[in-house]
Amino acid sequence: MNEQDYRCGFVAIVGRPNVGKSTLMNHLIGQKVSITSKKAQTTRHRVNGIHTEEAAQFVFVDTPGFQTFHRNALNDVLNQSVRDTLSSVDCVLFVLEAKRLTGADREVIALLPKNVPVVLVVNKVDRAKDRDELAAFIAECRAEFPFVDVEAVSAKHGHRLAELLDKVRPHLPESPPLYPDDMVTDKSVRFMATEIVREKLFRYLGEELPYAMNVEVELWEEEEGLTRIHVAVLVDKDSQKGILIGKGGEKLKKISTEARLDLEKLLDAKVYLKVWAKVKSGWADDVRFLKEFGL
Ligand SMILES: Nc1nc2c(ncn2[C@@H]2O[C@H](COP(=O)(O)OP(=O)(O)OP(=O)(O)O)[C@@H](O)[C@H]2O)c(=O)[nH]1
């Protein structure tokens, strides 16, 4: 292939919380780099996922959902991050749930850039089998914004994702690949470790609590055949610490066991993992503190 014909560019995935953006990216690149959960707003960091083909490289930028509730300093940072991402990419994928166009979706539509091609991705079509209804829904969405194209997919089942890539490819600029062809993310394993622990927090704690927590690697030591990792979970209050630990330490034990198993798979090594709770009062409203974490 002629090197001049190669395409490579940045693609942002946006949408309100819980529409399936992380699931979509994980499937597009064939590996878990972004955490998913049934609860909204689990994606706090921008994660680049890379999909490389013979003639093109797609660099996906997974943005946090546009948050309309839980107003605090953290969410202001998240919302600004959505705007910044959209102004700096070659193509935007706007993700919606089939047959659900909500006020929160419209708030994200209002943020879509006018100078970057936006492809409408109607996700979760496995839940919307009626073709006529789906076509009517797509027409309703297209009336809201001048999308350059549309694809109806199921991110969870990997349905029509190749067709989606076909629609994005022409919008990538001609450029040599930016990353080696076997690289799927530019995030470090340390970062991936914190994402894995966060995913377990969302799985085992109530609806609200994990939003008030952050996760930090305090120790990472590689010995022969064993990686020793200490992770602190920062919480706002003593009461939250109690909930995290659970009766007789049961909950924290479950979280750390599951996280350890995932980490062993990721690192392909035996892992000793210690997860502990640390109280940092009012951290979610302290922007200076957030900046220390690179947020
Ligand atoms: N039925 C069905 N469920 C899906 C599909 N794609 C994603 N989901 C589910 O939708 C939920 C939310 O998915 P995520 O990928 O975490 O959503 P997100 O948009 O990244 O969420 P935030 O990080 O909160 O912005 C999860 O329970 C997924 O399993 C799909 O194609 N069909």
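Two strands are taken to pair if DSSP finds at least two bridges between them, and strands themselves are DSSP runs of E with at least two residues, while helices are runs of H or I with at least four, both numbered from the N terminus. By that yardstick, β8 and β9 run parallel and are joined by ten bridges. The model is a predicted one, in which local features need pLDDT of at least 70 and side-chain atom pairs count only at pLDDT 80 or more, whereas totals for chains, interfaces and linings use all residues. Residues are numbered from 1 along each chain as its sequence is written.

Overall, the protein has nine helices and nine strands. Of its 295 residues, 36% are buried, where buried stands for 20 or more other C-beta atoms within 10 Å of a residue's own, exposed for 12 or fewer, and partly exposed for anything in between, with C-beta atoms placed from the backbone. Among contacts with a separation of 6 or more, 71% link residues 24 or more positions apart; a contact here is a pair of residues whose C-beta atoms, placed from the backbone, lie within 7 Å.

Now for the interior. A nonpolar core is a set of buried Ala, Val, Leu, Ile, Met, Phe, Trp, Tyr and Cys residues joined through C-beta atoms within 7 Å. The largest one has 39 residues, and V11, A12, I13, F60, V92, F94 and V95 have the most contacts inside it. At least two residues of this core come from each of β1 (7-14), α1 (21-29), β3 (56-62), β4 (91-97), α3 (103-109), β5 (118-123) and α5 (161-168). The top contributor is β4, with six residues. Apart from this core lies another, of 19 residues, including M213, I229, V235 and L252.

Back to the sheet with β8 in it. This is an open sheet of three strands in the order β7-β8-β9, with mixed pairing. Its edges are β7 (214-223) and β9 (270-279); each has a single partner strand, so one side of each is left without a neighbour in the sheet. On average, neighbouring strands are turned by 15° against each other, direction ignored. β7 pairs with β8 (residues 226-235) in the antiparallel sense over nine bridges. Along that seam, V217 has V231 as its bridge partner, and E222 sits opposite T227. The two strands make a hairpin with two residues between them, and G225 in the turn has a positive phi of about 75°. On the β9 side, R228 is opposite Y272.

Two helices lie across these strands. Helix α6 (residues 189-204) crosses β7, β8 and β9, at about 130° to β7, and helix α7 (residues 238-245) crosses β8 and β9, at about 150° to β9. Axes are lines fitted to C-alpha atoms, for helices over the stretch in contact, and angles run from 0 to 180 degrees between N-to-C directions.

Helix α4 (residues 131-142) is hardly covered, with one buried residue among its twelve. Its end C-alpha atoms are 16 Å apart, which agrees with the 16 Å expected at 1.5 Å a residue, the expected span being 1.5 Å times one less than the number of residues.

Finally, the backbone outliers. Most residues other than glycine have a negative phi. N18, in the loop between β1 and α1, has a positive phi near 80°. K99, in the loop between β4 and α3, has one of about 65°. N18 counts as partly exposed because 17 C-beta neighbours lie inside 10 Å, and K99 is also partly exposed, with 17 such neighbours.
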